[in-house]
Amino acid sequence: MSPTEASTLPRNDELFGHPKGLYVCFFTEMWERFSFYGMKALLLLYLTKYHRYADGSGYDLIGAYGGLVYCLPVIGGVLADRWLGMRKAVVFGGLLLVAGHAGMAVEGHAAQLVNGVVVRDEASLRVFFLSLSLIIMGVGFLKPNVSTIVGKLYPKNDPRRDSGFSLFYAGINLGALFASLVCGYLGETLGWRYGFGAAGIGMLLGLAMFLWGKKYLQGHAEPPDPAKLRERVLGMPREWLIYLGAVAGLVPIAALMWAALNGAFSLGGDVSLALMLMILVLAVVLSWFVWFVTTQCTRVQRQQMIALITMIFMALIFYTLYEQTYGSWVTFTDRLLTKDIFPSLVRVREPIAWTSSAWTNLGLFFGQAPWSIVSLVLAPASFVISARFSDRHAASKAPRIVVGVVFSLMLVLLVRDLVILPQTAGSLTYLGALFLVLLAPLFTFLWGWLGKMNRDPSKPVKSAAGLLFAALSFVPLAFAAQHAGATGGLASVWWLVIAYLILEAGEMCLSPVGLSAVTELSMPKVVSLMMGTWFLATAFSEALAALFGKLAAIDIVEGQAMNVAEAAAKYEHLFWLLMWIGLGCAAVAFAAAPWLRRWMHRVER
């Protein structure tokens, strides 16, 4: 479909002013992010509390895992661009993710201290490593292509593009919000397998949503040349060779996860095999980029691509700061902050006595589970119902009524869980997504309002503002660490609330417009590859964030209490350090913004 045809879509192909395909991607990504962040909220705590690994080992694992999760989308983007098409890549990635999250529910036995030696359940850990590899590979195929589909739904220079990506980003963070509340809460209260298992069910529902809604994608997600997929390579169709190659790659990725957690095959200092793989991929991508912009682009295209790669580097810095939320911020919250925002309203959770009856256990589970589980079904169901009304009657007011009723009910269930449920360090990661969901409509309105007055800041300025907010978000936590160190007690969780509010204002400035810039500034034939490069920057940010987080690693001797003053001093040092790094990078970004804007050649909205 050409841009001209896309811009004249009949009204029943739109919903609330945007293509219906946007909402298909919205809910697919909502469920995928629910599964991903649900597991991520638990991962570091699961390793340090259940399997009794040291902080440093846990940071190494989440750095390698997070890095590879965002590194492989480069390859997934290339395969979709050249052969698979985005639909097949998303479906295959979704199937791998479902399998991976199912495996994460196999928690095995908790580690025990026997004669001064930690004894772990090695069989369950082998399943754990394989499950991580399935998730890494699945995200590599799914994530870059869902984001690319969103960009293709809008004609070039469509003024709705930034607001569309802001809405899409709200879907991502709606999934992350419920992930922390549901998976984070279940994992630390009812058992790790319940949290990980809920994440797997979420991914299955996300895959079902994508398959149901493919009719709304306007044909943008299909293979570029189906005949090439059927060509035989090494004795089999190219499509099946791609799938087989991905499955074969699971074993070495699982081995990398094992090596990262156990400190095996380190190449010196903090350079692990996983980090070396990311460096290799980066070298290949940068070499390709230099070749491409010097030989395949016009002068204007070259400048646009260089402006884009610069903004991708800004994203790398931002997410190095941001990913502390699943590393040092989690352990800091677990050890040195109170947990409940409104302690007087929290309902004390009674211990569950499981029985031999499956039905009785099911009732006990739902009696303790967050009510927000219902919202995860209501939200996509409201879109399905609204889309069907709109398909039949484009001017129908029923979709607005349905969405209004469902949103009101979801809000009630959400507030109930936020206020009544006793929170944990893992579940409190919901604060980031909560502020993003609340801020998304405000920023959507803000950019639209400024755009009507021709005063919308350029994308580089928005990205620089994102870096500034990210730097400032560490100030409240540094003060909280000071308080904990001085008093020897727990600092208020409200310091964490303020930190998340500042950080997520920065994310709303940088990330949605960055994703939009990838689809606008890239040459059409490499847009998925450049989206993969965006995620490659996130991969390095995960690895760098883990390295910084290790500066505050706390080694607690078995049987001894943690030294609060020493721990608080480590966290305070880390938080001030990251603040200054963020401020310095923000200053450089603001200085470079006018130059970048010129090189974008008016592609700013």
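This passage walks through the overall build of the protein chain, its empty spaces and two residues of one helix.

The structure is a predicted model, and the overall picture comes first. The protein chain contains 23 helices and six strands. Its C-alpha trace stretches over about 70 × 60 × 55 Å along the principal axes. How does the radius of gyration of the protein chain fit with a compact globule, and why? For 605 residues, a compact globule would come out near 25 Å, and the protein chain has 23 Å, so the value agrees with that expectation. Buried residues account for 58% of the 605 residues. The contacts also say something about how the chain folds back on itself: of those between residues at least 6 apart in sequence, 84% link residues at least 24 apart.

Next come the domains. The domain assignment splits out domain 1 (13-262) and domain 2 (304-344 + 426-604), and the second of these is written as two stretches of sequence. The contact between them draws on 50 residues from domain 1 and 53 residues from domain 2. Taken over C-alpha atoms, the centres of the two domains sit 21 Å apart.

Now for the gaps inside. Rolling a probe the size of a water molecule over the atoms reveals where empty space remains. Four cavities of 30 Å³ or more turn up in the model. The largest cavity holds about 170 Å³ of space. Its lining is made of 17 residues, and Tyr37, Tyr70, Lys143, Tyr169 and Tyr319 are the ones nearest its centre. Two or more lining residues come from each of α2 (20-50), α6 (122-152), α7 (161-189), α13 (299-322), α21 (494-521) and α22 (527-549). Sorted by class, the lining of the largest cavity has nine nonpolar, four polar and four charged residues. Where does the largest cavity lie with respect to the domains? Domain 1 and domain 2 both contribute residues to its lining, so the largest cavity lies between them.

The second largest cavity has about 80 Å³ of space. Among the residues around it are Lys40, Tyr59, Glu323, Gln324, Tyr326 and Glu542, along with Gly63, Gly327 and Ser328. Helices α3 (55-71) and α22 each provide at least two residues of this lining, and α22 is also on the list for the largest cavity. The class split for the second largest cavity is five nonpolar, four polar and three charged. This cavity, too, lies between domain 1 and domain 2, because both give residues to its lining.

Pockets are the open counterpart to these enclosed spaces. The largest pocket has about 1,200 Å³ of space. It is lined by 41 residues, of which Phe26, Ala170, Leu174, Phe407 and Val437 are closest to its centre. The helices α2, α7, α16 (372-392), α17 (398-420), α18 (430-452) and α21 each put at least two residues into the lining. Which of them gives the most? That is α17, with ten residues. What sort of residues make up the lining of the largest pocket? There are 33 nonpolar residues, six polar and two charged. Both domains take part here as well, with at least three residues each from domain 1 and domain 2.

Finally, two residues give a close-up of helix α23 (residues 564-600). Ile581 belongs to this helix, and so does Leu596. Are these residues buried or exposed? Ile581 has a relative accessible area of 30%, and because that value falls between the 20% and 50% cut-offs, Ile581 counts as partly exposed. Leu596 has a relative accessibility of 0%, so it is buried. Leaving aside residues up to four places away in sequence, Leu596 touches Ala307, Thr310, Met314 and Pro460. Distances along the chain and through space can be set side by side for both residues. Ile581 and Val518 are 63 residues apart in sequence, with 25 Å between their C-alpha atoms. For Leu596 and Val405, the sequence gap is 191 residues and the C-alpha atoms are 44 Å apart.

Methods: Residues are numbered from 1 along each chain as its sequence is written. This is a predicted model: local features need pLDDT of at least 70, side-chain atom pairs count only at pLDDT 80 or more; totals for chains, interfaces and linings use all residues. Side-chain values use heavy atoms; hydrogens and water are left out. On a 1 Å grid over the protein atoms alone, a cavity is a set of points where a 1.4 Å probe fits but cannot get out, and a pocket is an open set with protein on both sides within 12 Å along at least five of seven lines; lining residues have an atom within 4 Å of a point. Grid points are joined across faces, edges and corners, and a volume is the space filled by probe spheres set on the points. Helices (H or I, at least four residues) and strands (E, at least two) are DSSP runs, numbered from the N terminus. Ala, Val, Leu, Ile, Met, Phe, Trp, Tyr, Cys and Pro count as nonpolar, Asp, Glu, Lys and Arg as charged, and the others, Gly among them, as polar. Domain bounds come from an automatic or database domain assignment. The radius of gyration is taken over C-alpha atoms; the globule rule is 2.2 Å times the number of residues to the power 0.38. Buried means under 20% relative accessible area, exposed over 50%, partly exposed in between (1.4 Å probe, protein chains only). Contact means heavy atoms within 4.5 Å.
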